[in-house]
Amino acid sequence: MASPRTGSARGSSRGRSTVSAHPTRPRRTSSGRCTELAPRLRGHQIFSHLTAAAIWSLPLPPWCASRPLEVCALWGGREPRTEGVIGHRHTFDPEGVTLVEGMPVPPPALVWSQCAEHLLVDDLVAMADAIFTRGLATREELTASLRPGQRGAVTARAALAESRVGSESPRETLTRLVLVRAGLPEPELNVDLRRPDGRFVARLDLAYRRWRVCVEYDGRQHSTGAQFARDADRWADIAAEGWLIVRVLAHHFDDPGRAIVARTRAALTSRGYSR
């Protein structure tokens, strides 16, 4: 039986390809290439796979930015034979074709399914989380988009089992995966913390409401004094409501067991958690 891919992505020479340390979206240069190619597409040709995911602004690993554009031909039409373009053939209802910024693309559920042959489990979880949170498709639609025997279907089904509604960034997705895979409880995602009188305090990335512990991903590369002051005030407000904060930075994914899991487990244990 095939197993989901968790190592390097197929066809990539860039080593480990996941959302793990420094997730990003493809560079806007790929959007420029799409703009140039779009007028040359025939009526039965649309952008597909990783290119369509970028057009939908779905999260992708960095190496996708340097790939050729991908275009599929519908209903037996001829795929493009153009330098810098990978052609595919696909059969689905053309009424499902959508224009995003003037670019013809499949619906998000089908795009996710197409990307399964290229991406790893964590990448597909992050993409599914984004689709669910943005309301672009349902879990049932993603499930139905998988064809029997298609490449990457095993990986996609494994990713779908770990996907959740509510994650607002790939870093939040990966932080959740690290914690849950280590055996810690599943956190709530993007919880509004309010005072007893209803006044808003903060939006918590990952929250363990029972133990009043939250895990916050801090993705700042550079911050001004004003930004840091606002964050410090926010952390103080959260702490004043009796919550413990575990801050996660990009470099913590280099050793997530020690830097993320152990610190979160210690915070939970101090509040009465026991497994």
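Here are four short exercises with worked solutions on this predicted model.

**Exercise 1. Find out how the rings of Trp211 and Tyr273 are arranged, and which parts of the chain they tie together.**

Step 1. A pair of aromatic rings is described by two things, the distance of the centres and the angle of the planes.

Step 2. For Trp211 and Tyr273 the centres are 5.3 Å apart and the planes stand at 85°, so the pair is edge-to-face; the cut-off for that label is an angle over 60 degrees.

Step 3. Now locate the two residues. Trp211 sits in the loop between β7 (200-208) and β8 (213-217), while Tyr273 belongs to the segment after α9 (256-270), so the pair ties together parts 62 residues apart in sequence.

Step 4. Check the surroundings: Trp211 and Tyr273 are both buried. Ring pairs also bring in Tyr208, giving a cluster of Tyr208, Trp211 and Tyr273.

**Exercise 2. Decide whether helix α4 is largely enclosed or not, and name what its buried residues pack against.**

Step 1. Start with the helix itself. α4 covers residues 121-133, which is 13 residues, and spans 18 Å from first C-alpha to last, close to the expected 18 Å.

Step 2. Buried means under 20% relative accessible area. In α4, 12 of the 13 residues are buried, so the helix is largely enclosed by the rest of the structure. Among them are Val121, Leu124, Met127 and Phe132.

Step 3. Look for the partners: the buried residues of α4 pack against α2 (49-55), α3 (108-115), α5 (139-145), α6 (153-162) and α7 (170-181).

Step 4. Follow the chain onward. Just after α4, Gly135 has a positive phi of about 70°.

**Exercise 3. Work out where Glu70 lies and what its side chain reaches.**

Step 1. Glu70 is part of strand β2, residues 69-74.

Step 2. Its relative accessible area is 0%, so Glu70 counts as buried.

Step 3. Trace the side chain of Glu70: one polar contact, at 3.3 Å, is with the side chain of His118. The Glu70 side chain also reaches the backbone nitrogen of Leu50 at 3.2 Å.

Step 4. Residues touched by Glu70 include Phe47, Ser48, Ile86 and His88.

**Exercise 4. Describe the sheet that contains β2.**

Step 1. Three strands make an open sheet, ordered β1-β2-β3, with mixed pairing.

Step 2. At the edges are β1 (45-47) and β3 (85-90), each pairing on one side only.

Step 3. Neighbouring strands are turned by 30° against each other on average, direction ignored.

Step 4. Between β1 and β2 there are 3 bridges, and these strands run antiparallel. Phe47 has Val71 in β2 as its bridge partner.

Key. Residues numbered from 1 in each chain as written. Predicted model: local features only at pLDDT ≥ 70, side-chain atom pairs only at ≥ 80, totals over all residues. Heavy atoms only, no water. Phe/Tyr/Trp six-rings, centres within 6.5 Å; stacked < 30°, edge-to-face > 60°. Helix = DSSP H or I, 4+ residues; strand = E, 2+ residues; numbered from the N terminus. Buried < 20%, exposed > 50% of the residue type's maximum accessible area, 1.4 Å probe, protein only. Expected span 1.5 Å × (residues − 1). Contact = heavy atoms within 4.5 Å. Polar contact = N/O pair within 3.5 Å; in protein donor to acceptor, adjacent residues only side chain to side chain. Pairing = 2+ DSSP bridges. Axes fitted to C-alpha atoms, helices over the stretch in contact; angles between N-to-C directions. Lists of a residue's contacts leave out its neighbours within four places in sequence.
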